[in-house]
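Q: I would like a close look at a single part of this structure, with enough of its surroundings to place it. Please take one sheet and describe how it is put together.

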Amino acid sequence: MTLPSVAGAALGAANAAPKTDDLPKYRVHSSYAPSAQPGMPGPFPGRVVDVHAAGSIDPATDKVDPAIVAEMMKQGMLALTGEKDYRAAWRRFIEPNDVVGIKLNCSGAPKICSHPVVVAELARQLIATGVPAKNITCYERFQDQVVSAKYPQYLPEGVNVWAASALRDAINGYDPRTYVEVDFFGEDDTRSNMVRLVSERFTKIINVPNMKDHGASGVTGCLKNIAYGSFHNVARSHRFEKTNTYSFIGTLASVEPLRSRTVLQVMDGLKGVWHGGPFLHQDRFRFYPARMMFGTDPVAIDRLLTDIIEDKRKAEGVISVFNRSMDYVKKGDFRKDPNTNNFIREPGHIEFAGSLGLGVFDIAKITRKEIRL
Amino acid sequence: MTVLVLLAAALPGLFVEGDPAPGIRDAGVECIQAPPAKTAAWSGQCVNAVDPASLQKLPAPGVRYRMNEARASSAPWVDSNGARYLRGIQGKALIAAGDGRAALAAAEAHAFGADVLVTAAPKDWKAFGDMRRFLAALPAAPLPALANIGFEDDGTPAALENMNLLLRRNLLFRVVSTPDKELSLNVKPKGGDPSAFAYEVRQKLTDAKRLLRLYGSEVVVARLFGDASHRRVALLNYSNRVVEGVRIRVLGAWPKVSVHAFGETVEAADIVLEGDATEFTLPRVTAYVVVEMAR
């Protein structure tokens with residue numbers, strides 16, 4: 001299938017994405033060395049398996065079919081790895097003695113989040129692979145968001161759910177020794193520390209983002225979920241109209257040990273958001289791709305995600321995610337009007353992450369295997 | 001770096017304007033202060049007459065989160081008397097501590113070495129008394145306050161707001177009448193945005209030269225005291241709840257860290273010598289925490 005190319009669309013020379021010389025000065029503080037083959041981009045750079053199943057979710061009720069999700073996951077993993085048994089496919093990435101973190105996306109919970117049925121099935125397949133339930137932890141930053149999604153009602157017994165912060169400004173769940181230091185606008189707290197479990201406990205991480213538009217970064221998929229969801233004090237990057245999401249997302253995702261330990265990307269695209277993300281402010285901004293994408297390369301998946309969101313926005317007749325005109329920024333109510341922007345969007349963050357070695361951005365070098373159930 | 005004042009103030013007193021009320025013993029004060037016309041009513045209680053007109057009135061410390069206000073910054077607004085204390089107050093101050101603020105008012109006065117009386121609702125007398133007992137039990141050895149910025153205070157409201165923002169950003173300064181060559185930086189008051197002023201000072205000083213930095217909270221203000229062999233960090237939490245985790249960086253190698261926290265037992269965690277500084281985490285910061293550091 002030929003994908004429409006959107007890179008460069010509506011990108012005028014005068015208001016293009018930041019030049020490298022203009023980027024903030026980042027200081028990465030980590031004592032962790034990269035693994036021999038870092039999880040991102042992992043063993044399959046540029047490879048994406050895109051599994052569609054119209055029956056996976058009922059748009060009328062939002063009800064998700066667990067059996068179809070289970071089959072989507074098995075088929076996705078088999079196609080990604082070329083294995084014949086789904087457990088063998090999982091073992092290409094996860095061993096029974098691993099301590100596994102499942103990175104949820106709950107920023108828009110409970111309306112839009114890593115669906116509990118998807119997360120539960122992922123945990124079940126890990127357990128079937130031999131990982132003890134007690135060694136699996138679903139994690140996110142903010143406790144109130146995680147609680148609202150009610151994961152324990154779906155998860156196999158023994159699987160843990162953990163949030164780094166009960167209160168938004170609490171830092172005890174973060175590693176004081178592993179952080180990125182940067183001064184964006186004169187903020188006094190210039191550090192963003194890594195989630196403590198990522199550096200101190202997990203040996204492998206599976207990222208489960210959604211398919212969403214994002215007011216600051218353009219779209220939010222694999223990269224933003226693993227980056228902004230594994231560090232604290234990150235919202236400071238999008239405080240003013242011109243944000244620093246372009247370079248901050250990839251920079252955070254590159255920090256060890258996060259980069260090495262994040263070995264799989266499982267994008268939950270059963271339900272998506274085409275405007276107002278990461279939240280679902282209005283039901284009319286949701287849509288139902290009814291698909292899941294599998295890979296080890298977050299850049300390649302997010303590159304495809306950009307097309308999905310852009311195509312949907314075009315179909316809805318609203319401005320492009322690449323629109324950088326200040327005429328649309330904070331002009332109206334971003335939460336209600338899809339022809340407004342909250343910030344100058346930075347979908348270029350995906351290409352920037354690619355330049356850091358996190359994956360393949362060039363659409364011509366991305367191979368997408370499509371499966372329809 | 002130079003010295004300012006010592007962290008060894010008289011304990012804050014309780015000023016009671018109203019009629020006698022039960023629970024005064026909870027305040028932990030031997031003698032209360034009251035207006036002359038009220039002293040006779042306090043039979044059986046040590047009471048000193050103080051004319052409130054002789055006291056400099058100061059507002060209650062605290063935080064306004066301003067959740068429903070359109071504003072340039074999302075940072076909570078800290079109401080601190082610190083700048084007023086550093087400018088200097090005439091005689092004794094009187095703080096009308098609002099709901100639940102009596103203990104913080106007492107702690108703030110202690111951290112800045114100010115001589116104050118506090119008025120509080122009877123329901124807050126116990127908290128005030130608890131704080132007084134905590135202050136009385138702190139290490140008694142006075143240490144000089146440390147600063148490496150000189151601020152030439154001209155006495156104007158703008159200068160007070162400049163100092164307020166320096167203090168809020170934990171940029172340690174002392175008031176000077178003329179530039180002090182021993183300090184890393186000397187600055188004059190500047191009108192306009194006091195937050196921008198504080199950032200300008202910070203850039204001139206550079207973060208590398210900051211004697212102390214805090215990470216993880218916008219509602220905690222610190223003071224630093226010390227001599228050749230010790231450092232003492234006094235932390236005021238201006239919010240109405242415990243702050244869950246603050247990372248503290250103090251210039252110099254001070255690996256022995258002990259903590260005195262109001263109301264709780266707190267231990268320093270993740271102590272590291274990082275470059276030319278010592279870092280540690282306080283997992284919980286109550287209304288007032290004093291940290292002792294040594295080589």
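A: What follows describes one sheet of chain B, and then the chain around it and its contact with chain A. The model is a predicted one, and the description should be read with that in mind. In chain B, 3 strands make up an open sheet whose order is β12-β11-β13, and their pairing is parallel. The edges of this sheet are formed by β12 (173-175) and β13 (185-187) of chain B, each of which pairs on one side only. From one strand to the next, the twist averages 25 degrees.

Looking more closely at one of these pairings, strand β11 of chain B, residues 149-151, is joined to β13(B) by 3 bridges, and the two run parallel. Within this pairing, B:I149 lies opposite B:L185 of β13(B).

The chain that holds this sheet has 5 helices and 21 strands. Its radius of gyration is 19 Å, close to the 19 Å that the globule rule gives for 295 residues, so chain B is as compact as a globular protein of that length. Along the principal axes, the C-alpha atoms of chain B fill a box of roughly 60 × 40 × 40 Å, and 44% of the 295 residues of the chain count as buried. Of the contacts in chain B between residues at least 6 apart in sequence, 69% join residues at least 24 apart.

Finally, the contact between the chains takes 12 residues from chain B and 11 residues from chain A. On the side of chain B that touches chain A, the residues divide into 4 nonpolar, 4 polar and 4 charged.

Key: Residues numbered from 1 in each chain as written. Chains lettered and ligands numbered in written order. Predicted model: local features only at pLDDT ≥ 70, side-chain atom pairs only at ≥ 80, totals over all residues. Pairing = 2+ DSSP bridges. Helix = DSSP H or I, 4+ residues; strand = E, 2+ residues; numbered from the N terminus. Axes fitted to C-alpha atoms, helices over the stretch in contact; angles between N-to-C directions. Contact = placed C-beta atoms within 7 Å. Nonpolar A, V, L, I, M, F, W, Y, C, P; charged D, E, K, R; others polar. Rg over C-alpha atoms; globule rule 2.2 N^0.38 Å. Buried ≥ 20, exposed ≤ 12 C-beta atoms within 10 Å, placed from the backbone.
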